[in-house]
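User: I'd like to see why each label in this model was given. Can we go through them one by one, with the cut-offs?

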Amino acid sequence: MISIALAGKPNAGKSTLYTAATMADVDVGNYPFTTIDPNRGVTHVRTDCPCVDREERCGDEDCHDGTRYVPVELLDVAGLVPGAHEGKGLGNQFLDALTDADVILQVVDAAGATNAEGEPVEVGEYDPVEEVDFVEAEMDAWLAGILDRNWESVERKSRSPDFDIEEALTDLLTGFGATEHDVTIVLRGLEYPDDPIQWSDEDREVLAAEIRARTKPIVLVANKADIAPPENVERLRETDKPVIPATADGELALRRAAEAGAIEYDPGDGDFEVVGDLSDQQEQGLERIREVMEEFGGTGVQAALNEAVYGLLDLITAFPVQNETHWTDAKGNVLPDAFLLPSGSGPRDLAYAVHTDIGDGYLHAVDARADRRIGEDTELEEGDVIKIVSTAS
Ligand SMILES: Nc1nc2c(ncn2[C@@H]2O[C@H](COP(=O)(O)OP(=O)(O)O)[C@@H](O)[C@H]2O)c(=O)[nH]1
Ligand SMILES: [Mg+2]
(Lines give C-alpha, C1' and ligand atoms only; values in the text may rest on other atoms or scores of the structure.)
(Ligands and ions follow the chains in the order given, each with its own letter.)
Protein backbone atom coordinates (compact mmCIF):
# COMPACT_ATOMS: atom_id res chain seq x y z
CA MET A 1 0.00 0.00 0.00
CA ILE A 2 1.17 3.54 -0.71
CA SER A 3 2.42 5.09 2.50
CA ILE A 4 2.17 8.76 3.48
CA ALA A 5 4.02 10.11 6.52
CA LEU A 6 3.06 13.22 8.43
CA ALA A 7 6.02 15.38 9.40
CA GLY A 8 6.43 18.71 11.08
CA LYS A 9 7.22 20.40 14.34
CA PRO A 10 5.17 19.71 17.48
CA ASN A 11 1.72 21.35 17.66
CA ALA A 12 1.45 21.92 13.91
CA GLY A 13 -1.66 19.70 13.84
CA LYS A 14 -0.31 16.33 12.69
CA SER A 15 -2.25 14.21 15.15
CA THR A 16 -5.43 16.16 14.50
CA LEU A 17 -5.03 15.57 10.77
CA TYR A 18 -4.21 11.92 11.39
CA THR A 19 -7.25 11.40 13.63
CA ALA A 20 -9.55 13.06 11.12
CA ALA A 21 -8.13 11.30 8.09
CA THR A 22 -8.19 7.81 9.60
CA MET A 23 -11.66 8.10 11.12
CA ALA A 24 -13.56 6.62 8.19
CA ASP A 25 -15.23 3.33 8.91
CA VAL A 26 -12.64 1.04 7.38
CA ASP A 27 -12.59 -2.62 8.16
CA VAL A 28 -9.53 -2.53 10.38
CA GLY A 29 -9.24 -6.31 10.20
CA ASN A 30 -8.01 -6.04 6.62
CA TYR A 31 -5.00 -4.04 7.70
CA PRO A 32 -3.05 -5.99 10.29
CA PHE A 33 -0.66 -3.16 11.14
CA THR A 34 -3.43 -0.97 12.56
CA THR A 35 -3.75 -3.18 15.60
CA ILE A 36 -0.01 -3.27 16.23
CA ASP A 37 0.83 0.38 15.85
CA PRO A 38 -1.59 3.10 16.91
CA ASN A 39 0.23 5.68 14.77
CA ARG A 40 -0.19 3.76 11.55
CA GLY A 41 -3.64 3.89 10.04
CA VAL A 42 -5.62 3.76 6.85
CA THR A 43 -6.88 6.82 5.05
CA HIS A 44 -8.00 7.28 1.45
CA VAL A 45 -7.44 9.29 -1.64
CA ARG A 46 -10.52 10.40 -3.49
CA THR A 47 -11.32 9.87 -7.14
CA ASP A 48 -14.31 9.26 -9.40
CA CYS A 49 -15.58 5.70 -9.35
CA PRO A 50 -15.96 4.24 -12.85
CA CYS A 51 -19.53 3.29 -11.87
CA VAL A 52 -20.58 6.91 -12.51
CA ASP A 53 -20.52 5.97 -16.19
CA ARG A 54 -23.02 3.18 -15.66
CA GLU A 55 -26.69 3.20 -14.80
CA GLU A 56 -26.25 1.96 -11.25
CA ARG A 57 -23.76 2.87 -8.56
CA CYS A 58 -21.47 -0.03 -7.72
CA GLY A 59 -22.28 -0.25 -4.03
CA ASP A 60 -18.69 -0.96 -3.03
CA GLU A 61 -18.06 0.10 0.56
CA ASP A 62 -15.35 2.52 -0.65
CA CYS A 63 -17.73 4.13 -3.14
CA HIS A 64 -19.98 6.91 -1.87
CA ASP A 65 -22.48 7.50 -4.63
CA GLY A 66 -19.83 7.54 -7.34
CA THR A 67 -17.03 9.07 -5.29
CA ARG A 68 -14.38 6.43 -4.76
CA TYR A 69 -12.04 6.27 -1.78
CA VAL A 70 -8.85 4.31 -2.40
CA PRO A 71 -6.97 3.14 0.71
CA VAL A 72 -3.49 4.42 1.49
CA GLU A 73 -1.46 4.15 4.66
CA LEU A 74 -0.98 7.18 6.92
CA LEU A 75 1.76 7.46 9.55
CA ASP A 76 1.67 9.91 12.42
CA VAL A 77 5.21 10.29 13.63
CA ALA A 78 6.65 12.11 16.63
CA GLY A 79 7.10 15.85 16.15
CA LEU A 80 10.38 16.85 14.62
CA VAL A 81 12.55 19.61 16.05
CA PRO A 82 15.66 21.17 14.53
CA GLY A 83 18.63 18.94 15.40
CA ALA A 84 16.57 15.73 15.14
CA HIS A 85 19.21 13.98 13.01
CA GLU A 86 21.58 14.31 15.96
CA GLY A 87 19.02 12.56 18.12
CA LYS A 88 17.40 15.70 19.50
CA GLY A 89 13.82 15.23 20.68
CA LEU A 90 12.42 12.00 19.29
CA GLY A 91 14.44 12.64 16.15
CA ASN A 92 15.82 9.22 15.37
CA GLN A 93 12.52 7.53 16.06
CA PHE A 94 10.91 9.92 13.61
CA LEU A 95 13.50 9.47 10.92
CA ASP A 96 13.45 5.66 11.21
CA ALA A 97 9.69 5.72 10.76
CA LEU A 98 10.12 7.60 7.50
CA THR A 99 11.85 4.65 5.90
CA ASP A 100 8.47 3.21 4.91
CA ALA A 101 7.07 6.43 3.49
CA ASP A 102 6.56 7.10 -0.22
CA VAL A 103 5.73 10.76 0.27
CA ILE A 104 5.71 13.28 3.11
CA LEU A 105 2.92 15.59 4.18
CA GLN A 106 4.69 18.33 6.07
CA VAL A 107 2.19 20.00 8.36
CA VAL A 108 3.07 23.65 8.89
CA ASP A 109 1.37 25.95 11.40
CA ALA A 110 0.46 28.64 8.87
CA ALA A 111 -1.00 30.76 11.66
CA GLY A 112 2.47 31.27 13.10
CA ALA A 113 1.00 30.46 16.52
CA THR A 114 3.92 28.22 17.55
CA ASN A 115 7.66 28.88 17.44
CA ALA A 116 10.39 26.73 15.81
CA GLU A 117 10.23 24.26 18.70
CA GLY A 118 6.44 24.06 18.54
CA GLU A 119 5.83 26.09 21.69
CA PRO A 120 2.72 28.32 21.63
CA VAL A 121 3.19 32.03 20.83
CA GLU A 122 0.72 34.73 19.73
CA VAL A 123 -0.91 34.13 16.33
CA GLY A 124 1.33 35.64 13.66
CA GLU A 125 4.36 35.96 15.93
CA TYR A 126 6.38 33.21 14.25
CA ASP A 127 6.99 33.21 10.50
CA PRO A 128 5.93 29.79 9.12
CA VAL A 129 8.15 30.23 6.05
CA GLU A 130 11.04 29.69 8.48
CA GLU A 131 9.92 26.14 9.21
CA VAL A 132 9.47 25.08 5.59
CA ASP A 133 13.00 23.85 4.96
CA PHE A 134 13.86 22.23 8.24
CA VAL A 135 12.10 18.89 7.68
CA GLU A 136 13.99 18.22 4.47
CA ALA A 137 17.20 19.55 6.05
CA GLU A 138 16.85 17.05 8.90
CA MET A 139 16.07 14.20 6.55
CA ASP A 140 18.97 15.10 4.26
CA ALA A 141 21.43 15.38 7.15
CA TRP A 142 20.24 12.11 8.62
CA LEU A 143 20.67 10.29 5.33
CA ALA A 144 24.09 11.90 4.76
CA GLY A 145 25.05 10.56 8.20
CA ILE A 146 24.07 7.05 7.15
CA LEU A 147 26.25 7.38 4.04
CA ASP A 148 29.17 8.70 6.13
CA ARG A 149 29.01 5.92 8.65
CA ASN A 150 28.83 3.22 6.01
CA TRP A 151 31.14 4.66 3.37
CA GLU A 152 33.91 2.26 4.31
CA SER A 153 31.82 -0.60 2.98
CA VAL A 154 31.62 1.17 -0.40
CA GLU A 155 35.39 1.74 -0.36
CA ARG A 156 35.99 -1.90 0.48
CA LYS A 157 33.77 -3.07 -2.38
CA SER A 158 35.52 -0.68 -4.77
CA ARG A 159 38.69 -2.81 -4.53
CA SER A 160 36.89 -5.67 -6.20
CA PRO A 161 37.31 -5.86 -10.01
CA ASP A 162 33.58 -6.11 -10.63
CA PHE A 163 32.79 -3.07 -8.46
CA ASP A 164 29.60 -1.32 -9.48
CA ILE A 165 28.92 1.96 -7.69
CA GLU A 166 25.20 1.88 -8.40
CA GLU A 167 24.91 -1.53 -6.82
CA ALA A 168 27.00 -0.58 -3.81
CA LEU A 169 25.00 2.59 -3.18
CA THR A 170 21.71 0.76 -3.66
CA ASP A 171 22.78 -1.66 -0.92
CA LEU A 172 23.27 1.33 1.37
CA LEU A 173 20.11 3.20 0.41
CA THR A 174 17.58 0.44 -0.03
CA GLY A 175 16.68 0.71 3.65
CA PHE A 176 15.58 4.27 2.93
CA GLY A 177 13.27 3.12 0.16
CA ALA A 178 15.58 3.88 -2.78
CA THR A 179 15.70 1.41 -5.65
CA GLU A 180 18.62 0.82 -8.01
CA HIS A 181 16.64 2.79 -10.57
CA ASP A 182 16.49 5.77 -8.19
CA VAL A 183 20.24 5.56 -7.60
CA THR A 184 20.94 5.31 -11.32
CA ILE A 185 18.80 8.34 -12.16
CA VAL A 186 20.30 10.43 -9.35
CA LEU A 187 23.92 9.52 -10.19
CA ARG A 188 23.29 10.41 -13.81
CA GLY A 189 22.58 13.98 -12.74
CA LEU A 190 25.64 14.34 -10.49
CA GLU A 191 29.35 14.81 -10.94
CA TYR A 192 31.41 12.66 -8.61
CA PRO A 193 34.80 10.96 -8.42
CA ASP A 194 34.98 7.42 -9.86
CA ASP A 195 36.91 6.23 -6.84
CA PRO A 196 34.76 6.21 -3.66
CA ILE A 197 37.88 7.01 -1.60
CA GLN A 198 37.97 10.40 -3.35
CA TRP A 199 34.41 11.35 -2.36
CA SER A 200 34.18 14.42 -0.13
CA ASP A 201 31.59 15.00 2.60
CA GLU A 202 29.93 17.39 0.22
CA ASP A 203 29.65 14.73 -2.50
CA ARG A 204 27.82 12.53 0.00
CA GLU A 205 25.60 15.38 1.17
CA VAL A 206 24.54 16.15 -2.39
CA LEU A 207 23.81 12.49 -3.06
CA ALA A 208 21.76 12.24 0.15
CA ALA A 209 19.73 15.34 -0.71
CA GLU A 210 19.00 14.14 -4.25
CA ILE A 211 17.99 10.66 -3.12
CA ARG A 212 15.77 12.12 -0.42
CA ALA A 213 14.07 14.52 -2.84
CA ARG A 214 13.41 11.68 -5.25
CA THR A 215 12.21 9.06 -2.77
CA LYS A 216 10.49 11.27 -0.16
CA PRO A 217 8.96 14.28 -1.92
CA ILE A 218 7.13 16.79 0.27
CA VAL A 219 3.70 18.44 0.13
CA LEU A 220 3.21 21.35 2.52
CA VAL A 221 -0.05 21.44 4.43
CA ALA A 222 -0.58 25.07 5.43
CA ASN A 223 -2.62 24.11 8.48
CA LYS A 224 -4.65 26.31 10.82
CA ALA A 225 -5.73 28.23 7.72
CA ASP A 226 -8.85 29.13 9.70
CA ILE A 227 -6.83 31.48 11.92
CA ALA A 228 -3.81 32.16 9.68
CA PRO A 229 -3.07 35.66 8.40
CA PRO A 230 -3.83 35.37 4.64
CA GLU A 231 -0.39 36.70 3.70
CA ASN A 232 1.21 33.72 5.48
CA VAL A 233 -0.56 31.30 3.14
CA GLU A 234 0.45 33.42 0.15
CA ARG A 235 4.08 33.51 1.23
CA LEU A 236 4.11 29.75 1.81
CA ARG A 237 2.88 29.37 -1.77
CA GLU A 238 6.02 31.15 -2.94
CA THR A 239 8.28 28.38 -1.60
CA ASP A 240 9.48 25.55 -3.85
CA LYS A 241 6.91 23.00 -2.64
CA PRO A 242 3.26 22.36 -3.45
CA VAL A 243 1.12 24.02 -0.76
CA ILE A 244 -2.39 23.06 0.32
CA PRO A 245 -4.12 25.36 2.84
CA ALA A 246 -6.02 23.29 5.38
CA THR A 247 -7.88 23.17 8.62
CA ALA A 248 -7.25 19.80 10.22
CA ASP A 249 -9.45 20.42 13.21
CA GLY A 250 -12.20 21.66 10.88
CA GLU A 251 -12.02 18.32 9.08
CA LEU A 252 -12.10 16.49 12.40
CA ALA A 253 -15.21 18.40 13.46
CA LEU A 254 -16.92 17.62 10.15
CA ARG A 255 -16.11 13.93 10.32
CA ARG A 256 -17.42 13.72 13.87
CA ALA A 257 -20.59 15.61 12.96
CA ALA A 258 -21.09 13.34 9.95
CA GLU A 259 -20.58 10.25 12.07
CA ALA A 260 -23.14 11.53 14.56
CA GLY A 261 -25.62 12.02 11.72
CA ALA A 262 -25.72 15.80 12.15
CA ILE A 263 -24.38 16.65 8.70
CA GLU A 264 -23.92 15.08 5.33
CA TYR A 265 -20.30 15.33 4.30
CA ASP A 266 -17.93 13.14 2.36
CA PRO A 267 -14.20 13.79 2.83
CA GLY A 268 -13.03 16.19 0.16
CA ASP A 269 -16.44 17.78 -0.43
CA GLY A 270 -16.36 21.53 -0.87
CA ASP A 271 -19.35 21.98 1.44
CA PHE A 272 -21.64 20.07 3.82
CA GLU A 273 -25.34 19.96 4.60
CA VAL A 274 -26.89 20.06 8.05
CA VAL A 275 -29.36 17.19 8.35
CA GLY A 276 -29.63 16.62 12.12
CA ASP A 277 -30.16 18.51 15.33
CA LEU A 278 -27.41 20.83 16.47
CA SER A 279 -26.98 23.11 19.45
CA ASP A 280 -26.50 26.81 18.64
CA GLN A 281 -22.88 26.47 19.59
CA GLN A 282 -22.32 23.48 17.31
CA GLU A 283 -24.07 25.25 14.49
CA GLN A 284 -21.88 28.34 14.90
CA GLY A 285 -18.75 26.20 14.94
CA LEU A 286 -19.77 24.44 11.75
CA GLU A 287 -20.72 27.68 10.00
CA ARG A 288 -17.24 29.04 10.73
CA ILE A 289 -15.75 25.96 9.11
CA ARG A 290 -18.03 26.49 6.12
CA GLU A 291 -16.55 29.97 5.64
CA VAL A 292 -13.03 28.54 5.59
CA MET A 293 -14.16 25.85 3.13
CA GLU A 294 -15.64 28.49 0.84
CA GLU A 295 -12.33 30.29 0.78
CA PHE A 296 -10.19 27.22 0.06
CA GLY A 297 -12.63 24.87 -1.69
CA GLY A 298 -12.83 22.46 1.25
CA THR A 299 -10.96 21.74 4.47
CA GLY A 300 -7.81 20.89 2.51
CA VAL A 301 -7.17 17.56 4.23
CA GLN A 302 -8.39 15.43 1.34
CA ALA A 303 -6.83 17.85 -1.13
CA ALA A 304 -3.44 17.38 0.56
CA LEU A 305 -3.68 13.58 0.45
CA ASN A 306 -4.73 13.73 -3.21
CA GLU A 307 -1.95 16.16 -4.09
CA ALA A 308 0.60 13.77 -2.56
CA VAL A 309 -0.66 10.69 -4.39
CA TYR A 310 -2.05 11.94 -7.69
CA GLY A 311 0.06 15.09 -7.92
CA LEU A 312 3.57 14.53 -6.58
CA LEU A 313 3.71 10.73 -6.92
CA ASP A 314 1.79 10.96 -10.19
CA LEU A 315 -0.19 7.77 -9.63
CA ILE A 316 -3.35 6.64 -11.41
CA THR A 317 -6.21 4.43 -10.25
CA ALA A 318 -6.95 1.26 -12.19
CA PHE A 319 -9.84 -1.11 -11.52
CA PRO A 320 -9.26 -4.79 -12.34
CA VAL A 321 -12.36 -6.92 -13.01
CA GLN A 322 -12.94 -10.49 -14.13
CA ASN A 323 -16.11 -9.88 -16.10
CA GLU A 324 -15.69 -7.14 -18.68
CA THR A 325 -19.43 -6.75 -19.28
CA HIS A 326 -20.61 -6.43 -15.69
CA TRP A 327 -17.33 -5.09 -14.24
CA THR A 328 -17.45 -7.73 -11.53
CA ASP A 329 -15.16 -10.21 -9.82
CA ALA A 330 -15.89 -13.95 -9.72
CA LYS A 331 -18.38 -13.44 -6.88
CA GLY A 332 -20.36 -10.78 -8.74
CA ASN A 333 -19.05 -7.80 -6.77
CA VAL A 334 -19.01 -4.70 -8.98
CA LEU A 335 -15.68 -2.86 -9.17
CA PRO A 336 -14.33 -4.61 -6.07
CA ASP A 337 -10.74 -3.35 -6.23
CA ALA A 338 -8.80 -0.21 -7.00
CA PHE A 339 -5.03 -0.12 -7.49
CA LEU A 340 -2.73 2.89 -7.45
CA LEU A 341 -0.05 2.57 -10.12
CA PRO A 342 2.66 4.88 -11.46
CA SER A 343 1.40 6.77 -14.48
CA GLY A 344 2.73 5.10 -17.58
CA SER A 345 1.91 1.63 -16.20
CA GLY A 346 0.48 -0.95 -18.59
CA PRO A 347 -1.90 -3.86 -18.13
CA ARG A 348 0.88 -6.24 -17.14
CA ASP A 349 1.90 -3.88 -14.32
CA LEU A 350 -1.68 -3.98 -13.11
CA ALA A 351 -1.60 -7.78 -13.31
CA TYR A 352 1.49 -7.82 -11.10
CA ALA A 353 -0.13 -5.40 -8.66
CA VAL A 354 -3.06 -7.81 -8.31
CA HIS A 355 -0.83 -10.83 -7.74
CA THR A 356 2.61 -12.03 -8.78
CA ASP A 357 1.11 -15.22 -10.22
CA ILE A 358 -1.40 -13.23 -12.30
CA GLY A 359 1.47 -11.13 -13.61
CA ASP A 360 3.65 -14.15 -14.38
CA GLY A 361 0.76 -15.84 -16.20
CA TYR A 362 -0.31 -12.69 -18.08
CA LEU A 363 -1.78 -13.45 -21.51
CA HIS A 364 -3.64 -10.31 -22.53
CA ALA A 365 -5.98 -7.62 -21.23
CA VAL A 366 -9.36 -6.16 -22.14
CA ASP A 367 -10.38 -2.53 -21.72
CA ALA A 368 -13.81 -3.11 -20.19
CA ARG A 369 -15.05 0.41 -20.97
CA ALA A 370 -14.41 -0.03 -24.69
CA ASP A 371 -14.87 -3.81 -24.58
CA ARG A 372 -11.78 -4.46 -26.64
CA ARG A 373 -8.40 -6.04 -26.25
CA ILE A 374 -5.48 -3.76 -25.51
CA GLY A 375 -1.81 -4.34 -26.18
CA GLU A 376 0.74 -4.85 -23.48
CA ASP A 377 2.31 -1.45 -24.17
CA THR A 378 -0.97 0.46 -23.74
CA GLU A 379 -0.59 3.10 -21.04
CA LEU A 380 -3.38 2.83 -18.50
CA GLU A 381 -5.34 5.94 -17.64
CA GLU A 382 -7.05 7.17 -14.50
CA GLY A 383 -10.25 5.22 -13.96
CA ASP A 384 -9.52 2.42 -16.43
CA VAL A 385 -11.49 -0.79 -15.89
CA ILE A 386 -9.39 -3.72 -17.03
CA LYS A 387 -9.92 -7.42 -17.34
CA ILE A 388 -6.66 -9.34 -17.09
CA VAL A 389 -6.53 -12.70 -18.81
CA SER A 390 -3.89 -14.85 -17.19
CA THR A 391 -3.04 -18.54 -16.97
CA ALA A 392 -3.26 -18.04 -13.20
CA SER A 393 -6.80 -16.68 -13.01
N1 LIG B 1 -7.08 26.76 14.78
C2 LIG B 1 -6.68 25.54 14.46
N3 LIG B 1 -6.08 24.75 15.39
C4 LIG B 1 -5.69 23.51 15.02
C5 LIG B 1 -5.87 23.02 13.71
N6 LIG B 1 -5.38 21.77 13.64
C7 LIG B 1 -4.91 21.48 14.87
N8 LIG B 1 -5.09 22.53 15.71
C9 LIG B 1 -4.73 22.61 17.14
O10 LIG B 1 -3.32 22.63 17.27
C11 LIG B 1 -2.94 21.97 18.49
C12 LIG B 1 -1.88 20.90 18.19
O13 LIG B 1 -2.48 19.88 17.41
P14 LIG B 1 -1.86 18.40 17.30
O15 LIG B 1 -2.66 17.71 16.27
O16 LIG B 1 -1.78 17.77 18.63
O17 LIG B 1 -0.39 18.74 16.79
P18 LIG B 1 0.87 17.75 16.56
O19 LIG B 1 1.77 17.99 17.74
O20 LIG B 1 1.50 18.23 15.30
O21 LIG B 1 0.39 16.35 16.49
C22 LIG B 1 -4.21 21.39 19.07
O23 LIG B 1 -4.66 22.27 20.07
C24 LIG B 1 -5.17 21.38 17.89
O25 LIG B 1 -6.50 21.48 18.29
C26 LIG B 1 -6.51 23.88 12.75
O27 LIG B 1 -6.71 23.56 11.58
N28 LIG B 1 -6.88 25.12 13.19
MG1 LIG C 1 1.05 14.68 17.60
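**Labels and their cut-offs**

User: What makes Asp-314 count as partly exposed?

Analyst: Its relative accessibility is 40%. Buried means under 20% relative accessible area and exposed means over 50%, with partly exposed in between (1.4 Å probe, protein chains only). Asp-314 falls in that middle band, so partly exposed is the right label. Before we go on: this is a predicted model, in which local features need pLDDT of at least 70, side-chain atom pairs count only at pLDDT 80 or more, and totals for chains, interfaces and linings use all residues. Residues are numbered from 1 along each chain as written, chains are lettered from A and ligands numbered from 1 in the order written, and side-chain values use heavy atoms, without hydrogens or water.

User: Where is Asp-314 placed?

Analyst: In the loop between helix H11 (301–312) and strand S10 (315–321). Helices and strands here are DSSP runs numbered from the N terminus (H or I, at least four residues; E, at least two). Asp-314 also has a positive phi, near 55 degrees, and is not a glycine.

User: Is Trp-327 buried or exposed?

Analyst: Buried, because its relative accessible area is 5%. Trp-327 sits in the loop between S10 and strand S11 (339–342), and has a positive phi of about 60 degrees although it isn't a glycine.

User: Why are Trp-151 and Trp-199 called an aromatic pair, and what makes it tilted?

Analyst: The ring centres are 4.8 Å apart and the planes differ by 40 degrees. Rings of Phe, Tyr and Trp (its six-membered ring) pair if their centres lie within 6.5 Å; planes under 30 degrees apart are stacked, over 60 edge-to-face, and the rest tilted. Both values fit, so this is a tilted pair. Trp-151 belongs to helix H4 (residues 134–158) and Trp-199 to the loop between helix H6 (180–188) and helix H7 (201–215), so the pair ties together parts 48 residues apart in sequence. Trp-151 counts as buried at 3%, and Trp-199 does too, at 5%.

User: How do you know that Tyr-192 and Trp-199 form a tilted pair?

Analyst: Their ring centres are 5.3 Å apart and their planes are at 45 degrees, so the pair is tilted. Tyr-192 itself is partly exposed, at 26% relative accessibility. Ring pairs link Trp-151, Tyr-192 and Trp-199 into a cluster.

User: How do you know that Arg-204 lies over the face of Trp-151?

Analyst: The distance from the ring centre is 5.0 Å. A charge sits over a ring if NZ of Lys or CZ of Arg is within 6 Å of the ring centre and within 35 degrees of the ring normal. Lys-216 also lies over a ring face, that of Phe-176, at 4.9 Å from its centre.

User: What comes nearest among the 15 residues around ligand 1?

Analyst: Asn-11, Lys-14, Ser-15, Thr-16 and Asp-226 do. A residue is near a molecule if one of its heavy atoms lies within 4 Å of it.

User: How far is a polar side-chain atom of Lys-14 from an oxygen atom of ligand 1?

Analyst: It's 2.7 Å. A polar contact is a pair of N or O atoms within 3.5 Å, so this one qualifies. A side-chain N or O atom of Asp-226 is 2.8 Å from a nitrogen atom of ligand 1, and a polar backbone atom of Ala-248 is 3.0 Å from an oxygen atom of the ligand.

Conventions
A polar contact is a pair of N or O atoms within 3.5 Å; within protein, one must be able to donate a hydrogen and the other to accept it, and residues adjacent in sequence count only if both atoms are side-chain atoms.
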